[in-house]
Amino acid sequence: MNSISEIIINSADRLLRHNDISGSKYLHPCYPTVVFYFGKKSQAYHAEIIKDVERSWGGNSQYVLFYSFVDSFSDFIVDMDGKEVSSDVLLSQLTRIMSAETCVYKEMNKIALFCYFDTTDAESAEEFERWYMKYNIIEKELSMPIQSTLVLFLNESLARRDLSGEIRAKILELYCSSEVRDSERHLYNTVFALSNHFRNGSYSQGFDVGHQSHVDYNLPADVILFANTVEDNMYITYKSKFVDKKVPAFTASYGLVGKPNREIMLLSLKIAMDSIMDSINASKNQFANPDDDLIRSLGIANGRISKADAFYTDIRQFLPDSGFLKYLPYTDEQHIEENCFGRNGKVTKECLIAFVKENHLKVVENEFERRRDAICNDIASGVRNGLSSIKFNSINLTSVKNDLKSMFKVNYDVLEQMPINQAVDLMVRVEIYKLYADVMCELIDQIKVEAEHSISSFNELNRNIQSDYSIGHSIIGGKNDRYEENAKRFFSDQGRIAELYSKFFKIGNSKEQLIEILLNEIKLLFDSDPIYHMAFLNVLALMFGNMPVGIPSFVAEKLTANIEERIEFFSKGVIFERVLELYFLNTDNNDDNMKELIKYLQDMDTAPRSEIRLFNSSNDDNIETIWFYELSEDNFVG
């Protein structure tokens with residue numbers, strides 16, 4: 001996903017969430033929790049993992065420690081900002097999350113360790129082994145008993161076919177080797193192997209550039225929640241099913257149904273951007289004289305610069321008074337009428353001009369430099385507030401700058417005939433105007449860059465949204481009319497669009513500001529109709545009305561459709577033994593549809609039926625399921 005629209009779309013869950021869990025509803029972790037990412041590829045999963053953990057554990061998630069290794073040869077541990085973490089710092093941080101004053105953990109006798117590795121970062125089986133062996137470093141640093149889980153994302157794309165086989169063989173070798181630990185025992189208590197090559201032979205794009213389907217599934221975070229949540233004894237179930245079992249690894253298949261927040265957000269964004277683009281096209285036809293608009297925004301009218309005139313008035317007190325005239329020839333009462341600036345200049349051999357430059361104009365120059373920042377800010381503010389970036393970008397700046405530079409020149413023939421006081425005053429004013437004109441030329445060049453950058457940021461945002469937008473898979477079973485009608489009605493309000501246009505194309509807007517503006521508008525849209533914040537099952541009831549089948553059976557069938565074909569591990573002709581069916585849903589919801597759904601899932605015929613556990617996610621927006629399977633040695637070679 002593209003960088004700008006990714007930020008916006010990631011806000012969908014926050015803006016469309018049905019319910020925020022109250023503090024008393026947050027789940028609790030059992031053991032102090034530490035997460036390690038092996039390599040840069042795995043680090044990219046962090047944002048989604050922490051978001052899902054926070055959704056269930058709430059404020060308790062701030063006591064989870066996250067670290068990473070960035071190189072298979074290096075023993076250096078770094079935090080999520082890339083800063084190296086020493087042994088003392090790591091132990092200090094571990095002590096903090098286990099302190100009596102703040103501790104949120106039920107038990108302190110061991111550490112729950114979760115390690116994630118995407119094998120895209122392994123270019124050989126030997127490099128894979130170096131990453132695998134990072135456990136030894138972690139164990140030494142933590143200096144406590146550990147219950148460890150390793151989640152492997154196996155990149156088994158066609159381009160890595162040979163290497164994939166070598167890595168599978170290495171996993172099996174490490175499992176069987178008595179040199180690692182006891183034979184038929186991994187270095188880790190539990191290993192999950194999740195491949196992008198599914199049981200049915202198809203491939204996920206989850207390991208290719210621009211795709212992170214495993215992250216979107218929340219599966220990595222669900223492992224943390226399942227393995228280490230106190231409520232309903234989830235951590236006990238996890239331990240009994242997955243810890244220290246004599247199997248090379250476990251794998252899983254995943255199902256998700258829920259309110260399609262991403263699609264709702266994209267549809268709304270698409271309609272908003274289309275309305276703004278229509279407004280841009282309409283506004284361009286109204287730019288009759290954009291050059292004149294720039295001149296006005298600079299405070300220039302009738303050949304005068306209002307800001308320069310105000311500056312002159314302000315500094316007059318600092319200019320030499322007229323007392324110097326008595327030292328010039330022909331300034332007595334007898335000759336005053338015939339005196340002029342040019343005549344004095346000739347008689348004094350240009351000393352008068354030199355005097356004015358060294359005194360009057362020097363004062364002007366010094367005061368201007370002293371106030372330059374304020375002057376520039378004042379001028380720039382007038383332009384930025386007076387013109388949109390779209391209009392500014394249509395201006396012929398070369399023509400405007402030429403006009404500015406030629407507008408304020410001294411006519412020396414006229415100057416020489418003027419009385420000395422008036423001539424000196426004109427020289428001062430012209431010098432001020434020249435300084436202002438030079439600064440204006442510099443500033444409009446700078447503002448031109450800002451305007452172009454703002455337009456470029458908008459165009460990038462628009463391109464990202466348009467390319468990400470896809471209604472190919474309908475919002476909810478083809479029923480997207482209400483969302484579309486809401487957005488079109490909301491963004492057809494001309495007053496709203498005019499205001500949004502002025503905000504969007506304010507000169508100097510950054511990408512971050514554009515995103516904030518758009519999200520504020522989208523939030524207003526989502527607050528305009530209760531449907532945006534309804535629980536998923538209630539949305540289904542509203543959108544479908546009387547369905548041929550009940551909502552619970554509809555949801556359950558969507559959730560588990562072809563789920564065994566989506567086992568995330570390809571193995572020819574080898575049977576996978578299902579260990580557990582885990583369902584994430586809001587078991588506190590007393591709605592009849594939820595009660596019926598829970599009963600339907602418990603009674604569903606998924607022969608051979610394995611044990612079923614319900615995980616109370618307190619989430620009314622999504623329903624997830626993970627079906628876990630044992631992997632035998634034959635799976636790794638078959």
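Start in helix H21 of this predicted model by selecting lysine 448 and glutamate 452, which sit 4 residues apart in that helix and so are separated by about one helical turn. Their side chains form a salt bridge, with the closest N and O atoms 3.7 Å apart. Now colour the two by accessibility: lysine 448 has 18% relative accessibility, so it counts as buried, because the cut-off for buried is under 20%. Glutamate 452, with a relative accessible area of 39%, is partly exposed.

Stay in H21 and select glutamate 450, then add arginine 384. Their side chains meet in a salt bridge of 2.8 Å, N to O. This pair links distant parts of the chain: glutamate 450 belongs to helix H21 (residues 420-468) and arginine 384 to helix H17 (residues 372-386), 66 residues apart. Glutamate 450 is partly exposed at 22% relative accessibility, and arginine 384 is partly exposed at 27%.

Next, select Arg304, Asp309, Asp425 and Arg429 together. You will see a network of salt bridges linking them.

For another charged pair, go to arginine 168 and glutamate 156. Here too the side chains form a salt bridge, 2.8 Å from N to O. Arginine 168 lies in helix H8 (residues 161-176), while glutamate 156 is in the loop between strand E4 (146-154) and H8, 12 residues away. Are these two residues buried or exposed? Both arginine 168 and glutamate 156 are buried. Across the structure, the count comes to 31 salt bridges.

Time for the rings. The whole structure holds 37 aromatic pairs. Select phenylalanine 192 and tyrosine 238 for a tilted one, 6.5 Å centre to centre with 40 degrees between the planes. Phenylalanine 192 is in strand E5 (residues 190-195) and tyrosine 238 in helix H11 (residues 234-242), 46 residues apart. Phenylalanine 192 counts as buried at 1% relative accessibility, and tyrosine 238 counts as buried at 0%.

Keep phenylalanine 192 selected and add phenylalanine 250. This aromatic pair is tilted as well, at 6.1 Å centre to centre and 45 degrees between the planes. It joins strand E5 to phenylalanine 250 in strand E6 (residues 249-258), with the two residues 58 apart. Both phenylalanines, 192 and 250, are buried.

For the last stop, select Phe36, Phe38, Tyr67, Phe69, Phe117, Phe128, Trp131, Tyr132, Tyr135 and Tyr188, which ring pairs link into a cluster. Then add lysine 134. What lies under this lysine, at 5.0 Å from the ring centre? The face of phenylalanine 69 does. Lysine 134 also lies over the face of tryptophan 131, at 5.5 Å from the ring centre.

Notes: Residues numbered from 1 in each chain as written. Predicted model: local features only at pLDDT ≥ 70, side-chain atom pairs only at ≥ 80, totals over all residues. Heavy atoms only, no water. Phe/Tyr/Trp six-rings, centres within 6.5 Å; stacked < 30°, edge-to-face > 60°. Buried < 20%, exposed > 50% of the residue type's maximum accessible area, 1.4 Å probe, protein only. Lys NZ or Arg CZ within 6 Å of the ring centre and 35° of its normal. Salt bridge = Lys/Arg side-chain N within 4 Å of Asp/Glu carboxyl O.
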